[in-house]
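Please go through the helix packing and the sheet of this model.

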Amino acid sequence: MGPDTPLATATTTEAVAADAASRDEESAFDNSLTARHKRPGEGQDYDIGAGVSRPPALPYERQPGDPLYRPLRIYTVDPSVSRLEGSVATVNVPYEPLAPGPAGQLFAVDGVDGQLGLRYRPTDLEDRKVLMTDGYPPSPSDPRFHHQMVYAVCSNVYSTFKTALGRNLCWGFGDGKTPARLVLRAHYQRVQNAHYENGGTWGELRFGYFPASDKPTNRTMPGGYVFTCLSHDIIVHEVTHALLDGLRSHFIVPTNADVVAFHEGFADLVAIFQHFSYAEVVLAAIRRCKGSLQHASLLTELAGQFGHTTGRNGSLRSAVEQDTGHPVRYQDSLEAHQLGSVLVNAVFDAFVQVYQRRIERYVRLATGGSGLLPPGELSHDLQTILAERASKLASQFLSICIRAIDYCPPTGITFGDYLRAMVTADYDLVPDDRCDFRGALIDAFWRRDIYPRGAQHLSEDELLWERPGADLPPVPGLDFAALRFRGDPANAADLNELHRQACMLGRYITRPGRLEAFGLVANGDARLDGDTVSHPCIESIRTARRVGPSGQIVFDLVAEIIQKRHVRASAEAPAFTCYGGATVILGPTGEIRYVVLKNVASAGKLQRRRDFFKTPCGQKYWHLSGRQWQPREGIFAMVHRGE
Ligand SMILES: [Zn+2]
């Protein structure tokens, strides 16, 4: 802590600041589905999915005179970390009026303790005295602080996603009539677990609590209660599951080992990079590790208290391998979290490479050109510069990770697909990659044996998603001039407009001769070998923001198309459903910029699925119902129980 950094300053992450600055969002969203009529081909050639017909959950629209932020105190790691290491911070959460709970537009905290069956005193963040003290003071024994913390952390993660994608996000659940809210159950049950549950019409985050082991290996009372809702990382991880589910609804269908591991790895990545948004934590960590991020355990370890109190003798997971010289290699037989960790380690490794390149000159300046740091503490100025660089870079990496989701296939994601999505998303935003972010990513994935299927070389141009051929003209009705927005091009005008956009695309892709280009097939196609397919379904259509060739901001459209293939049972093998389709990215004139394909009829696909059913991972997530493979219920609870 330096003399010029006052303790009482509230942290505003860059994402929250950008979110608060976008103020011209209207709240009056026309949700009248009654006015909607069927469009040509709808229900005959193509279907419209739930993602297009659900009213979006919209954040509060700030009114003139409203404050920008609501400062609230949180634990930046968990209650077991010392305050001297920045464990308590005041964060600025985008302002919205709150009912007791707290309950806002996107999140509602449920004050019931599911184990004890009692309702705690209401948490009223609008109370005058509470407002004067930046919320309830941090305390493991005050349930009102627990409620405040889950609300504050979830709200800030939402802002991070919103800023990275340049639009409001949708939840992956809802009743189809009213905008959905994610319910946060801070005291769900006495259980060593926390998970996201999508109930179709509703969604919840469930945080368990439990007595610590007799010999916790960090600063926790033996047998004292540990609350997962007070672990910053667990909250970020769980809300990321919910946000990712809203972005890609089919990523919870475990069609290969990477799918489940991806959900886990991605949620951990967001938690790790979010650590870097707390200035005091970063500064304390940089001071301790002398600028060498691989050794900054405060930043690289996940869910410390949880791990130390459940007999692990260490944090739950880490972004850095034990032996950085010999990274853990990708193997699809690894357990979901271990496999997810390979992804986390790869991205974090790339981050560290770029960080080192960026700080070299500061270290040289500080060491008279030698680059060799003297023994003892770094100078305060150098610590501050390194901490600032690390925070800024982490926020850029997190942004790449989130934006890449728009460039992922709609189903059956593999780590190799995600690498290609990151490379393409970043290329779209920063064609001139001076710091070689993309090179560092490719390198780190290669060192862990993660190879995209279908790519011939591990070079940037080879890994960019292909652009479609010239035979695909622009999509009529989807050029920028024809789209209707609500104030900001990040939001479609209303549900009817969204429906119109989806139908224009549905019509376009089902024109004769077009199916193949979008990974789709028609019934009767010889490659189906007698199986049947469903109509292509437009699952979602959304705007995505990028920087155009001359620095201007351009809005693209991103759509997900899904097709199901009903694979028949044979004498040797049971039946199952196979998914295919495409993510389509359209430019401002309706031109098709990228098509990311997963064809239901592609060679080897059925055999890969049948092989997968036989693996321990396949057996864990699928069961036989008669002569048909069905996914098991409650996948997130199941994955997390394995921890
Ligand atoms: Zn998880």
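Questions and answers on the model follow.

The model is predicted: local features need pLDDT of at least 70, side-chain atom pairs count only at pLDDT 80 or more, and totals for chains, interfaces and linings use all residues. Residues are numbered from 1 along each chain as its sequence is written.

Q: At roughly what angle do the axes of helix α7 and helix α11 cross?
A: Helices (H or I, at least four residues) and strands (E, at least two) are DSSP runs, numbered from the N terminus. Axes are lines fitted to C-alpha atoms, for helices over the stretch in contact, and angles run from 0 to 180 degrees between N-to-C directions. The axes of α7 (residues 279–289) and α11 (residues 380–403) come within 9 Å, and the crossing is at roughly 125°.

Q: Which strands stand at the edges of the open sheet?
A: Two strands pair if DSSP finds at least two bridges between them. The sheet has four strands in the order β4-β7-β9-β8, with mixed pairing. Each edge strand has a single partner, so one side of each is left without a neighbour in the sheet; these strands are β4 (107–110) and β8 (194–198).

Q: What is the bridge partner of H195 in β9?
A: β8 and β9 (residues 203–207) pair in the antiparallel sense over five bridges. In β9, H195 is bridged to R206.

Q: Which strands does helix α5 lie across?
A: Helix α5 covers residues 232–247 and runs at about 20° to β8. The strands it lies across are β7, β8 and β9.

Methods: Contact = placed C-beta atoms within 7 Å.
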